[in-house]
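Open the model in your viewer and keep the sequence panel visible. This tour goes from one selection to the next.

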Amino acid sequence: MIVEIECLPRPYGEPGAPYSFVEAAIRVIQESGLKYEVSALGTTFEGEPDEAWRVAREAHEACLAAGAESVLTIVKFSQSRMPNPPTMESLTAKFRDGGSS
């Protein structure tokens, strides 16, 4: 399963650490052991469905645990029953190597 998640805590962080609540969500994903990639507007990760759902929920809740007053989380889940389902790498490789694939 591939997941793209964007956590939008209110506020984003604290004075002196303006994105600390967002970073708390990213830390959950980093510590999960799943393959992930942080981008400017969200984080994509992949793993088995049960683990992916758990990590998405924990990332959302991490914003509140870090001190956010509220959080709105936008999540996309992609799951396939195909024998060789798409991966983050297979979906983005041709854009990473200059378009030669």
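**Stop 1: a link between two strands**

Select Glu4, which is partly exposed, with a relative accessible area of 35%. The model you are looking at is predicted. Now add Lys76 to the selection: Lys76 and Glu4 form a salt bridge, and their closest N and O atoms are 3.1 Å apart. Glu4 belongs to strand 1 (residues 2-10) and Lys76 to strand 4, so this pair ties together parts that are 72 residues apart in sequence. Lys76 counts as exposed, because its relative accessibility is 55% and the cut-off for exposed is over 50%.

**Stop 2: along helix 2**

Next, select Arg54 and Glu58. Their side chains meet in a salt bridge, 3.1 Å from N to O. Both residues are in helix 2 (residues 49-66), four residues apart, which means a separation of about one helical turn. Arg54 is partly exposed at 37% relative accessibility, and Glu58 is partly exposed at 34%.

Stay on the helix and select Arg57 and Glu61. This pair also forms a salt bridge, with the closest N and O atoms 2.8 Å apart. Arg57 and Glu61 are four residues apart in helix 2, about one turn. How exposed is each one? Arg57 is exposed, with a relative accessible area of 57%, while Glu61 is partly exposed at 35%. Now add Glu51 to Arg54 and Glu58: salt bridges with shared partners join Glu51, Arg54 and Glu58 into one network.

**Stop 3: a nonpolar patch**

Finally, select Trp53, Val75 and Phe77, which make a nonpolar surface patch of about 260 Å². Val75 sits in strand 4 (residues 70-78) and counts as partly exposed at 30% relative accessibility.

Definitions and conventions:
Residues numbered from 1 in each chain as written. Predicted model: local features only at pLDDT ≥ 70, side-chain atom pairs only at ≥ 80, totals over all residues. Heavy atoms only, no water. Patch = residues over 30% accessible without salt bridge, like charges linked within 9 Å, V, L, I, M, F, W, Y side chains within 5 Å. Areas by Shrake-Rupley, 256 points an atom, 1.4 Å probe, with all protein chains shown as cover. Salt bridge = Lys/Arg side-chain N within 4 Å of Asp/Glu carboxyl O. Helix = DSSP H or I, 4+ residues; strand = E, 2+ residues; numbered from the N terminus. Buried < 20%, exposed > 50% of the residue type's maximum accessible area, 1.4 Å probe, protein only.
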